[in-house]
Amino acid sequence: MSFFDKEIDRRGTHCEKWDKYKDTDVIPAWVADMDFSSPIPVINALRQRVEHGIFGYTGMDDDTNEAVIDFIKRHHNWEIKKEWIVWMTGVIPGINLACRMISDNSEVITTTPIYPHFVTATKNTNKILTQVPMKEINNRWSIDFEEFESKISPTCKLFLLCNPYNPGGTVFTKAELEKLCEICTKYDLIICSDEIHADLVINPKTKHIPIASLDDDYAQNIITLMAPSKTFNIAGLQSSFAIIPNKKLRLAFKKELRGMGENINVLAISATKAAYTQSDEWLRKLKKYLLENFKLVKEFIDKNRDLQMLSSDATFLAWIDCQALHVANPYELFLEYGVGLNDGKRFGDKNFVRLNFATTRKNLEEILRRMQKAIDSLEN
Ligand SMILES: Cc1ncc(COP(=O)(O)O)c(C=O)c1O
């Protein structure tokens, strides 16, 4: 039995994912965390820290910064400097801070469909939002660069990029990232690149490239957001960081952060360090397990001709086109049959659902069985 086959009851543990459907027979497969235990070294580090018994104000230490620097070098071949790192309590705050940095009523450009907090961040901060539809190019979600460029207005100041792409699982290529940098430089846009899914590239033939690692000049206009939270299933600990090589940009970002949570909590520090220094083997096995789960989802889609899914290289999320089912609300259909997916409407397309497949194989099989029943019910 694999480590990831272990069934752990998450109900009643302040778990957003499972508690949404508590006291029902619905299996949750929505919000993006995993039903797997974190790596043992992370749990041991937390245990050790808890046993110390004092949980006062925190300060970041060099060892944890070094752990981040080494991990990013080892996994993403990007050499960053300690002073570029800005710790914060979440990537969502990071997206909001990037939007706050630019003047009121200026424009932000992003793609659609997209992780919903990209849109809400622009609303929270009184920005005008332009969205460029993602296009199917060679059976994969990508950006139509001509359209992207044509939609940049003179008041546009910021591009919010999601790489790897949630919800569609695209890992953008070097050529695509270079093109985006070229366009953003031409129009003097800051790029805020949300790379929270960077470590979860499950297709072994593909590699994540941090956009700021391409070129030192381009990097001067880039804010990269990363975290151990998705990778090691520690989202509830709230540890994340921005990487900002340009001092002026970094100070502007830090100014917005001031007084709003500059220090991550004491348990988050211990978990982050253990995750980045002692959990590579766990991560390798996790990606293997996720790939097998993805294959199961893919088989299920392939045998149901009314469902479509483009190829996806990263994340544990499947973005499923249900248009050919001809139902008013696919999310409601699957819910009726006991599966709680994400409604694609929140991401910008009501014809889609998003399935979180980071769960035990047994649970995933039951999810797919129920989804099959829902589809079969339409034919009767
Ligand atoms: C693209 C993306 N960004 C950010 C987040 C959330 O980040 P955090 O929990 O660190 O605020 C998620 C979670 O699903 C995500 O998919």
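1. In this predicted model, the shell of residues around the ligand is made up of 8 nonpolar, 4 polar and 1 charged residues. Of the 13 residues around the ligand, those that come nearest are Ala 32, Gly 90, Val 91, Ile 92 and Asn 166.

2. Two of the names just given, Val 91 and Ile 92, lead on to helix α4, which covers residues 91–101. Its axis and that of helix α5, which covers residues 116–124, come within 9 Å of each other and cross at roughly 45°. Because angles from 35 to 65 degrees fall outside the roughly parallel and roughly perpendicular ranges, this crossing makes α4 oblique to α5. The handedness of the crossing of α4 and α5 is right-handed.

3. As for the residues that form this pairing, α4 contributes Ile 92, Ile 95, Asn 96 and Cys 99, and these meet His 117, Phe 118, Ala 121, Thr 122 and Asn 124 of α5. Sorted by class, the contact of α4 with α5 holds 5 nonpolar and 4 polar residues, with no charged residues. Ile 92 is therefore worth following in the view, since Ile 92 is listed among the residues that come nearest to the ligand and also among the α4 residues that meet α5.

4. Turning to the whole chain, the protein has 14 helices and 14 strands. Its radius of gyration is 21 Å, close to the 21 Å that the globule rule gives for 380 residues, so the protein chain is as compact as a globular protein of that length. Taken along the principal axes, the box filled by the C-alpha atoms is roughly 65 × 55 × 35 Å.

Technical notes: Residues are numbered from 1 along each chain as its sequence is written. This is a predicted model: local features need pLDDT of at least 70, side-chain atom pairs count only at pLDDT 80 or more; totals for chains, interfaces and linings use all residues. A residue is near a molecule or strand if its C-beta atom, placed from the backbone, lies within 6 Å of it. Ala, Val, Leu, Ile, Met, Phe, Trp, Tyr, Cys and Pro count as nonpolar, Asp, Glu, Lys and Arg as charged, and the others, Gly among them, as polar. Axes are lines fitted to C-alpha atoms, for helices over the stretch in contact, and angles run from 0 to 180 degrees between N-to-C directions. Helices (H or I, at least four residues) and strands (E, at least two) are DSSP runs, numbered from the N terminus. Angles under 35 degrees count as roughly parallel, over 145 as roughly antiparallel, 65 to 115 as roughly perpendicular and the rest as oblique. A crossing is left-handed if the near helix is turned anticlockwise from the far one by less than a right angle, and right-handed if clockwise. Two residues are in contact if their C-beta atoms, placed from the backbone, lie within 7 Å. The radius of gyration is taken over C-alpha atoms; the globule rule is 2.2 Å times the number of residues to the power 0.38.
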